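Q: Before any feature is discussed, please place the sequence and the model side by side. The features can then be taken one at a time.

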Amino acid sequence: MNKVIAFIPARSGSKGVPDKNIKLLAGHPLIAFSIAVARLSKKIDRVIVSTDSEKYAKIARQYGAETPFLRPEEISQDGSLDIDFFRHYLDFVRNNSEAIPDLIIHLRPTSPLREVVVIDAAISYMIENSKA
């Protein structure tokens, strides 16, 4: 197994709840909870936030995530698909001669209440079961 990456998408342009990914919950921005659970994992090697906002990127870095790029505007719209930002990340990896991860764990900031044991168990299952 090469690398397991936690990938957290956090665009800034939410129309329903403006800046929802950085709204405070128990004194911390919503995105911080996804970053924290990923960092607590014994199975995740890197935590990467994909965002179109330097403000969001700064907050993500303060909580220990990497923000190696800003996501382009054209894939940061209401109608943008998840596959678009995954492709953007993989293109970045290829263009910067980084190792392509074996497993990418998708952690949305809008689901902040996760248990690290559940994430680690899911990763273990994926690694141990080739048909997963």
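A: Let us begin with a single residue, R46, which is in contact (heavy atoms within 4.5 Å) with V4, I5, A6, E66 and E98, leaving aside its neighbours within four places in sequence. Residues are numbered from 1 along each chain as its sequence is written. The model is predicted, so local features need pLDDT of at least 70 and side-chain atom pairs count only at pLDDT 80 or more, while totals for chains, interfaces and linings use all residues, and side-chain values use heavy atoms, with hydrogens and water left out.

Q: Where is R46 placed, and is R46 buried or exposed?

A: Buried means under 20% relative accessible area, exposed over 50%, and partly exposed in between, with a 1.4 Å probe and protein chains only. R46 belongs to strand 4, and its relative accessible area of 19% makes it buried. Helices (H or I, at least four residues) and strands (E, at least two) are DSSP runs, numbered from the N terminus.

Q: How does one read the pairing of strands, and with which strands does strand 1 pair?

A: Two strands pair if DSSP finds at least two bridges between them. Strand 1 runs parallel to strand 5, joined by four bridges, and V4 stands opposite L103 there. With strand 4 the pairing is also parallel, over five bridges, and P9 stands opposite S50.

Q: How many residues of strand 1 are buried, and which way do they point?

A: Six of the six are buried, so strand 1 is largely enclosed by the rest of the structure. V4, A6 and I8 point one way, and I5, F7 and P9 the other way.

Q: How is a nonpolar core recognised, and which residues have the most contacts inside the largest one?

A: A nonpolar core is a set of buried Ala, Val, Leu, Ile, Met, Phe, Trp, Tyr and Cys residues joined through side-chain atoms within 4.5 Å. The largest has 21 residues, and I31, I35, I44, V47, V49 and L107 have the most contacts inside it. Strand 1, helix 1, strand 4, helix 2, strand 5 and helix 4 each supply at least two residues of this core. Helix 1 gives the largest share, four residues. A second, separate core of ten residues includes F69, I75, F85 and F92.

Q: Which residues of helix 1 are buried, and what covers them?

A: In helix 1 (residues 30-40), the buried residues are L30, I31, A32, S34, I35, V37 and A38. Their cover includes strands 1, 2, 3 and 4, together with helix 2 and helix 4. I31, for one, is in contact with I8, A10, N21, I22, V49, I59, A60 and P109, leaving aside neighbours within four places in sequence.

Q: How does one tell which face of helix 4 is buried, and what does that face pack against?

A: The arc is that of the directions from the helix axis to the C-beta atoms. In helix 4, I119, D120, I123 and S124 are buried. Seen down the axis, these buried residues fall within an arc of 135°, so they line one face of the helix. They pack against strand 1, helix 1 and strand 5. On the other side of helix 4, V117, V118, Y125 and E128 are exposed.

Q: Where does S41 lie, and what does S41 touch?

A: S41 lies in the loop between helix 1 and strand 4 and counts as buried at 7% relative accessibility. Not counting residues up to four places away in sequence, S41 touches V116, D120 and I123.
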